[in-house]
Amino acid sequence: MHGEYKVPGGKLVVVDLDADAGVLRNVRVGGDFFLEPDEALTAIDAALEGAPADTDAEGLAARVETALPPGTVMYGLTAEGVAVAVRRALAQATDWTDYDWQLVHTGPQSPALHMALDEVLTAEVAAGRRPPTLRVWEWASPAVIIGSFQSLANEVDQVGAERHGVTVVRRISGGGAMFVEPDSTITYSLSVPDALVKGLSFADSYAYLDDWVLAALGDMGIRAWYQPLNDIATEAGKVAGAAQKRMLGPGGKPGAVLHHVTMAYDIDADKMLEVLRIGKEKISDKGIRSAGKRVDALRRQTGLPREAVIDRMVGSFRDRYGLSTGRITDEEMARARELAATKFSSMEWLTRVP
């Protein structure tokens, strides 16, 4: 069995092993990390040898930590990262490069149609009828997208939204409210097979699916990092927020994961504060003094036009994993338009948490 895991902010960990009679055998850990002394690697392998195959990641990490020689130095590697790689091997998880990725980047769409496209395309991936897909959004109008479980009244100032012509929609994933404007926001979705995140905890899957974006931002001169649970941050502040939804495949089998991210390119903070109700607890939780400082603009940090930032992000993904240009099929678009009209534009869905 073979498992790989890129430690967030670190290096790649690769584990090969056998599972014989319910225990780990022939464990071999490798990767592009740095480790001193050399015998520490042998100690890690020995610590995992004979471990019950159902040991969770926390238990495996504890075995590794206990076995490390005194004074061991790990750079780009953690005991937790080794444990996750083991669990991914046992789960027979796939890797990014195991797939033929498809890019979908169409013209501007309405907020409701974007919500519907996420649901339809991810369901198609779950059913095996669509390859793993990176979809870049273009917005036809400003919008507020609230999380699946958020209270509409608590999150949105309806008067402010109407004054600024902002459409309010509810998405299928959890998480917080996002304020978007057509030329000021970069939004994308990943619709991926469940196998890609096997062996990862829910929290680990966020970091794993965001890793390519951190590299893309790094290529543009921005040092960015994953900030649990669902933020991407830089030294200047938060630049993006992510959310996920898991979908089952045919017959209730594991299907696909929707991971979508909204990034601030040039957010009008004053307008955002007139549309969103951002509570004091949320502000204090971020360790900041004002809500207007919560989201920092990529335009200022990169000095690049929005389209150039998107092109560089897509190019980074293509260089790492391969990416062909695709399209939304007529059947997918028809289903999405129907969902946009019957579900995502309905007051019943929008106010399901009043």
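Three helices come together around the second largest pocket of this predicted model: α2 (57-67), α3 (79-90) and α7 (202-219) each supply at least two residues of its lining. Among the contributors to that lining, α3 gives the most, with four residues. The pocket has a volume of about 270 Å³, and 19 residues line it. If you would like to find its middle on screen, look for Y5, E80, V84, S201 and D204, which lie nearest the centre of the pocket. By class, the lining divides into twelve nonpolar, four polar and three charged residues.

Y5 is a handy stepping stone from here, since the next residue to visit touches it. V13 is in contact with Y5, and also with G3, E4 and V7, leaving aside neighbours within four places in sequence. You will find V13 in strand β2, which covers residues 12-20. How buried or exposed is V13? Its relative accessible area is 0%, so V13 counts as buried. The contacts of V13 continue with V29, G30 and F33, and with L77, G81, V82 and A85. F33 deserves a second look: it sits 20 residues away from V13 along the chain, yet their C-alpha atoms are separated by 7.3 Å.

Now let us turn to enclosed space. Rolling a probe the size of a water molecule over the atoms shows where empty space is left. In this model, one cavity of 30 Å³ or more is counted, and about 40 Å³ of space lies in the largest cavity. Which residues line the largest cavity? They are V136, I186, T187, Y188, W212, I310, M313 and V314. Strand β11 (185-193) and helix α11 (306-321) each supply at least two residues of this lining. Seven of the lining residues are nonpolar and one is polar, and the lining has no charged residues.

Just ahead of β11 there is another residue to visit. E181 is found in the loop between β10 (178-180) and β11. With a relative accessible area of 11%, E181 falls under the 20% limit and is therefore buried. Beyond its neighbours within four places in sequence, E181 is in contact with P142, D268 and K271.

The backbone has some local features of its own. Most residues other than glycine have a negative phi, and most peptide bonds are trans. Against that background, two peptide bonds are good places to pause. A cis bond joins E36 and P37, with omega at about -5°. P37 lies in the loop between β4 (34-36) and α1 (39-48). Further along the chain, the bond from P228 to L229 is cis as well, and its omega is near 0°. L229 belongs to the loop between β12 (224-227) and β13 (231-234).

Positive phi values can be seen at N26 and Q92. N26 has a phi near 55°, a positive value in a residue other than glycine, and N26 lies in strand β3, residues 23-31. N26 counts as partly exposed because its relative accessibility is 43%. Q92 also has a positive phi, near 55°, but its setting is a loop, the one between α3 and β6 (102-105). Where N26 is partly exposed, Q92 is exposed, with a relative accessible area of 56%. The α3 that leads into this loop is the helix that gives the most residues to the lining of the second largest pocket.

Finally, step back and take in the whole chain. How many helices and strands does the chain hold? There are 13 helices and 16 strands. The C-alpha atoms fill a box of roughly 65 × 50 × 35 Å along the principal axes. A compact globule of 354 residues would have a radius of gyration near 20 Å, and the 22 Å of this chain agrees with that. Of the 354 residues, 54% count as buried. Contacts across long stretches of sequence are well represented too: among contacts with a separation of 6 or more, 71% come from residues 24 or more positions apart. The accessible surface of the chain comes to about 15,700 Å², and carbon and sulfur atoms account for 50% of that surface.

Technical notes: Residues are numbered from 1 along each chain as its sequence is written. This is a predicted model: local features need pLDDT of at least 70, side-chain atom pairs count only at pLDDT 80 or more; totals for chains, interfaces and linings use all residues. Side-chain values use heavy atoms; hydrogens and water are left out. On a 1 Å grid over the protein atoms alone, a cavity is a set of points where a 1.4 Å probe fits but cannot get out, and a pocket is an open set with protein on both sides within 12 Å along at least five of seven lines; lining residues have an atom within 4 Å of a point. Grid points are joined across faces, edges and corners, and a volume is the space filled by probe spheres set on the points. Ala, Val, Leu, Ile, Met, Phe, Trp, Tyr, Cys and Pro count as nonpolar, Asp, Glu, Lys and Arg as charged, and the others, Gly among them, as polar. The radius of gyration is taken over C-alpha atoms; the globule rule is 2.2 Å times the number of residues to the power 0.38. Buried means under 20% relative accessible area, exposed over 50%, partly exposed in between (1.4 Å probe, protein chains only). Contact means heavy atoms within 4.5 Å. Accessible areas come from the Shrake-Rupley method with a 1.4 Å probe; for residues, only the protein chains shown count as cover.
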